[in-house]
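Trainee: Before we look at the model, may I ask how each structural term is justified?
Mentor: Certainly; please put the questions one by one.

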Amino acid sequence: MEDKSIMIKTREGERTIFLDHYDDKQVWISIQTSGGGAHTSMTLDQAKQMIAGLTTIVADMEATA
C-alpha cells in the first residue's frame with residue numbers, strides 16, 4: 001500500500017492531526033498536542049460519516065461568512 005499519510009498543522013502550531021490507512025478497510029486518525037494526544041481507527045463508513053459532518057459544518061460556516 002502506497003504511503004498517503006496526511007498531516008494537518010492547526011493554527012495553534014503545537015497541535016497536529018494525522019490521517020492514514022490503518023489496514024485495507026480502516027482509517028487511522030491521530031491528534032497530537034503539546035500535552036498529549038489521542039488516536040483511533042475507524043471503518044470506512046465511520047470515516048464517510050466524519051467527512052459528511054465536516055462538509056455540513058464547513059458549508060454552514062461558508063453560508064454565514
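Trainee: Which residue in β2 stands opposite isoleucine 8?
Mentor: Isoleucine 17 stands opposite isoleucine 8. In this predicted model, local features need pLDDT of at least 70, side-chain atom pairs count only at pLDDT 80 or more, and totals for chains, interfaces and linings use all residues. Residues are numbered from 1 along each chain as its sequence is written, and side-chain values use heavy atoms, with hydrogens and water left out.

Trainee: Why are β1 and β2 called paired strands?
Mentor: Two strands pair if DSSP finds at least two bridges between them. β1 and β2 (residues 16–23) are joined by 4 bridges, so they meet that criterion, and they run antiparallel. Leucine 19 in β2 is the bridge partner of isoleucine 6. Strands themselves are DSSP runs (E, at least two residues), and helices are runs of H or I with at least four, numbered from the N terminus.

Trainee: What lies between β1 and β2 in their hairpin?
Mentor: The hairpin has 6 residues between the two strands, and glycine 13 in the turn has a positive phi of about 85°.

Trainee: How do you know that β2 also pairs with β3?
Mentor: 7 bridges join β2 to β3, and the definition asks for at least two, so these antiparallel strands pair. Their hairpin has 2 residues between the strands, and aspartate 23 has glutamine 26 in β3 as its bridge partner.

Trainee: What makes β1 and β4 edge strands?
Mentor: In the open antiparallel sheet, 4 strands follow the order β1-β2-β3-β4. β1 (6–9) and β4 (36–43) each pair on one side only.

Trainee: Where does helix α1 lie?
Mentor: Helix α1 (residues 44–63) lies across β3 (26–33) and β4, at about 115° to β4. The angle is taken between N-to-C directions, from 0 to 180 degrees, of lines fitted to C-alpha atoms, for helices over the stretch in contact; contact means heavy atoms within 4.5 Å.

Trainee: Which element gives the largest share of the lining of the largest pocket?
Mentor: α1 does, with 4 residues. Elements giving two or more residues are β2, β3 and α1. A pocket is an open set of points on a 1 Å grid over the protein atoms alone where a 1.4 Å probe fits, with protein on both sides within 12 Å along at least five of seven lines; lining residues have an atom within 4 Å of a point.

Trainee: Why do the lining residues Ile8, Val27, Met42 and Ala47 count as nonpolar?
Mentor: Ile, Val, Met and Ala are among the residue types counted as nonpolar, so these four belong to that class. The lining as a whole divides into 10 nonpolar, no polar and no charged residues.
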